[in-house]
Every structure is written in structure tokens, then in C-alpha cells.
Amino acid sequence: MAAMDLFGRRWALRILWELRAGPLGARALLARCAGLSSSVLYQRLRELTSSGIIAPSADGYELTRLGTALGYALQPLDEWAITWARAQEENDQNPAEG
């Protein structure tokens with residue numbers, strides 16, 4: 001499975017983002033991802049596990065070495081998203097006159 005195909009699937013990146021600080025169980029992931037169904041969660045967990053990005057642990061699921069490296073790669077995207085969100089807020093507060 002191509003990386004972009006996997007990461008483009010709904011909830012995949014969010015699950016990885018939530019695991020960045022340490023292992024979490026399925027219930028904790030569901031609680032942190034409002035709107036995520038348990039069936040989709042378990043499907044994504046299977047896919048991410050079979051891809052070697054996460055692994056089962058005593059505490060639920062955790063990032064593997066590859067998953068941790070991916071987390072570092074996603075950090076610039078998070079920084080961009082924060083900048084983008086601020087720009088959106090500014091645009092909402094100061095709409096262009098037209």
C-alpha cells in the first residue's frame with residue numbers, strides 16, 4: 001500500500017498524531033477522536049500495524065521507529081496548519097471589501 005494512500009484515509013493521520021506522545025488504547029483513541037467509529041478505528045489500526053507504523057503494546061498501540069520518524073516529518077505540517085488557521089481567523093475578522 002502506498003504511503004499517501006494510507007495516510008489519505010480518513011482518521012489515519014489523526015490516530016498517528018494522537019499516538020505521538022505515547023501508547024494509547026482503543027478507548028482512549030476513540031475519546032480523543034470525536035466522530036471516529038470503532039469499526040473505522042480498528043480498520044485503521046490494522047492497516048497502520050500491517051504497515052509497520054504502529055505496533056500493539058501493553059498499553060494499547062504505540063508508534064514504531066518508523067512511526068516516530070513520521071511524526072517528526074509531520075511536525076512542519078502541523079506548524080503550517082497553525083499558520084493557516086491564524087490567517088483564516090484574520091480573514092474572517094477583516095473581510096475584504098468588494
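Is Trp80 buried or exposed? In this predicted model, Trp80 has a relative accessibility of 52%, and because a residue counts as exposed when this value is over 50%, Trp80 falls in the exposed class.

**The surface around Trp80**

Trp80 belongs to helix 5, which runs over residues 65-93. Together with Leu77 and Trp84, Trp80 makes a nonpolar patch on the surface, with an area of about 370 Å². Trp84 has a relative accessibility of 46%, so Trp84 counts as partly exposed.

A pair of aromatic rings is described by the distance of the centres and the angle of the planes. The count of such pairs in this model comes to one. The ring centres of Trp80 and Trp84 lie 6.1 Å apart and the ring planes stand at 15 degrees, which means that the pair is stacked. Trp80 and Trp84 are four residues apart in helix 5, so about one helical turn separates them.

Helix 5 also holds Asp78, a residue that counts as partly exposed because its relative accessibility is 24%. Between Asp78 and Leu66 there are 18 Å in space, taken from C-alpha to C-alpha, while in sequence these two residues are twelve residues apart.

**Salt bridges**

The model has five salt bridges in its count, and the table below gives three pairs, including the distance between the closest N and O atoms or from N to O.

| Salt bridge | Distance |
|---|---|
| Asp5 and Arg9 | 3.1 Å |
| Arg32 and Glu18 | 3.5 Å |
| Arg44 and Glu47 | 3.2 Å |

The salt bridge between Arg32 and Glu18 has its closest N and O atoms 3.5 Å apart. This pair links distant parts of the chain, since Arg32 lies in helix 3 (residues 26-32) and Glu18 in helix 2 (residues 12-18), with their positions 14 residues apart in sequence. Arg32 is partly exposed, with a relative accessible area of 42%, whereas Glu18 counts as buried at 11% relative accessibility.

The side chains of Arg44 and Glu47 also meet in a salt bridge. Both residues lie in helix 4 (residues 38-50), where they are three residues apart, about one turn of the helix, and both Arg44 and Glu47 are buried. Salt bridges with shared partners join Arg44 and Glu47 with Asp5 and Arg9 into one network. Within this network, Asp5 is partly exposed, with a relative accessible area of 39%, and Arg9 is likewise partly exposed, with a relative accessible area of 25%.

**The nonpolar core**

Which residues touch the most other members of the largest nonpolar core? This core has 20 residues, and those that touch the most other members are Ile15, Leu16, Leu19, Ile53 and Ile54. The elements that each give two or more residues to the core are helix 1 (3-7), helix 2, helix 3, helix 4, strand 2 (60-63) and helix 5. Among these elements, helix 4 supplies the largest share, which is three residues.

Leu19 can be followed further through its contacts: when residues up to four places away in sequence are not counted, Leu19 touches Leu24, Leu29, Ile54, Tyr61 and Leu63. One of these partners, Ile54, is itself named with Leu19 among the core residues that touch the most other members.

Methods
Residues numbered from 1 in each chain as written. Predicted model: local features only at pLDDT ≥ 70, side-chain atom pairs only at ≥ 80, totals over all residues. Heavy atoms only, no water. Patch = residues over 30% accessible without salt bridge, like charges linked within 9 Å, V, L, I, M, F, W, Y side chains within 5 Å. Areas by Shrake-Rupley, 256 points an atom, 1.4 Å probe, with all protein chains shown as cover. Salt bridge = Lys/Arg side-chain N within 4 Å of Asp/Glu carboxyl O. Buried < 20%, exposed > 50% of the residue type's maximum accessible area, 1.4 Å probe, protein only. Phe/Tyr/Trp six-rings, centres within 6.5 Å; stacked < 30°, edge-to-face > 60°. Core = buried A, V, L, I, M, F, W, Y, C linked by side-chain atoms within 4.5 Å. Contact = heavy atoms within 4.5 Å.
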